[in-house]
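User: I am new to this structure and would like a close look at one part of it. Please keep the sentences short.

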Amino acid sequence: LAVESNVLPRNPAKSAKPPRAKAKSMETWDPDTFKAFADMANDSQFLSMYRLAVLTGMRRSELCGLKWDVVDLETGYLRVTRTLQRIDGQGLVEGEPKNERSRRTISLNTPALEVLSAIRSRPGGAAPFHRRAVAWYGPCIHQRRRFTYQWRAGEQGLRQNSKTERS
């Protein structure tokens, strides 16, 4: 209105820059904490997923959507190109990573290559984690989100929690 009435030559708000969002700090585990977790989860069907998540930084949905066509064990790289997650009312749905930065190539270190090689040598290893995705998403999301299993540093063992946290 002020510009239209010639009170101001231009709108000063057009040159204003919005404040940048503050980066969220992530809580990470040190090697001893992960070792304690891995020891407690040693009998879990998800142990290889946990290890690969820690070694690569991949999200649960990215791990569940991982297929061998994007994994190169010889050169030691994998590409994050798809996700698999449970959506209420639709079941397990394959999709794309949540944003452009999530589509990435990950360099695999020796322990990550060992995990993937072990998975590949198992029977039915066409989609490394697809079958586990059904079980992983099922108990914590499908059953009205009543429970999730989580690990907290300093606690003894895995425990069932009444709050649901989604990845």
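Which residues does Ser102 touch, not counting residues up to four places away in sequence? Please go on from there to the strands and helices.

Analyst: A caution comes before the details: this is a predicted model.

Ser102 touches Arg59, Glu62, Val80 and Pro97, leaving aside residues up to four places away in sequence. Ser102 sits in the loop between strand E4 (91–95) and strand E5. Its relative accessibility is 2%, so Ser102 counts as buried. The cut-off for buried is under 20%. Met58 is 44 residues from Ser102 in sequence. In space, the C-alpha atoms of Ser102 and Met58 are 9.1 Å apart.

One of the residues that Ser102 touches, Val80, leads to the next element. Val80 belongs to strand E2, residues 77–80. This strand has two faces. Leu78 and Val80 make up the covered face. Tyr77 and Arg79 make up the uncovered one.

Now the neighbours of E2. Three strands, in the order E1-E2-E5, form an open sheet with antiparallel pairing. E1 and E5 are the edge strands, and each pairs on one side only.

Take the E5 side. Strand E5 covers residues 104–107 and runs antiparallel to E2. Four bridges join the two. Val80 stands opposite Arg104 of E5. Tyr77 has Ser107 as its bridge partner in E5.

Then the E1 side. Strand E1 covers residues 71–72, and two bridges join it to E2. These two strands also run antiparallel. Here Tyr77 of E2 stands opposite Asp72. Tyr77 therefore has a partner on each side: Asp72 and, in E5, Ser107, as expected for a strand in the order E1-E2-E5. E1 and E2 form a hairpin, with four residues between them. In the turn, Gly76 has a positive phi of about 80°.

Last, a pair of helices. Helix H2 spans residues 47–56, and helix H4 spans residues 110–121. Their axes come within 9 Å and cross at roughly 150°. That angle makes H2 roughly antiparallel to H4, because angles over 145 degrees count as such. The crossing of H2 past H4 is left-handed. H2 brings Ser48, Arg51, Leu52 and Leu55 to the contact. H4 brings Pro111, Ala112, Val115, Leu116 and Ile119. Of the residues in this contact, seven are nonpolar, one is polar and one is charged.

Note on methods:
Residues are numbered from 1 along each chain as its sequence is written. This is a predicted model: local features need pLDDT of at least 70, side-chain atom pairs count only at pLDDT 80 or more; totals for chains, interfaces and linings use all residues. Side-chain values use heavy atoms; hydrogens and water are left out. Buried means under 20% relative accessible area, exposed over 50%, partly exposed in between (1.4 Å probe, protein chains only). Two strands pair if DSSP finds at least two bridges between them. Axes are lines fitted to C-alpha atoms, for helices over the stretch in contact, and angles run from 0 to 180 degrees between N-to-C directions. Angles under 35 degrees count as roughly parallel, over 145 as roughly antiparallel, 65 to 115 as roughly perpendicular and the rest as oblique. A crossing is left-handed if the near helix is turned anticlockwise from the far one by less than a right angle, and right-handed if clockwise. Contact means heavy atoms within 4.5 Å. Ala, Val, Leu, Ile, Met, Phe, Trp, Tyr, Cys and Pro count as nonpolar, Asp, Glu, Lys and Arg as charged, and the others, Gly among them, as polar.
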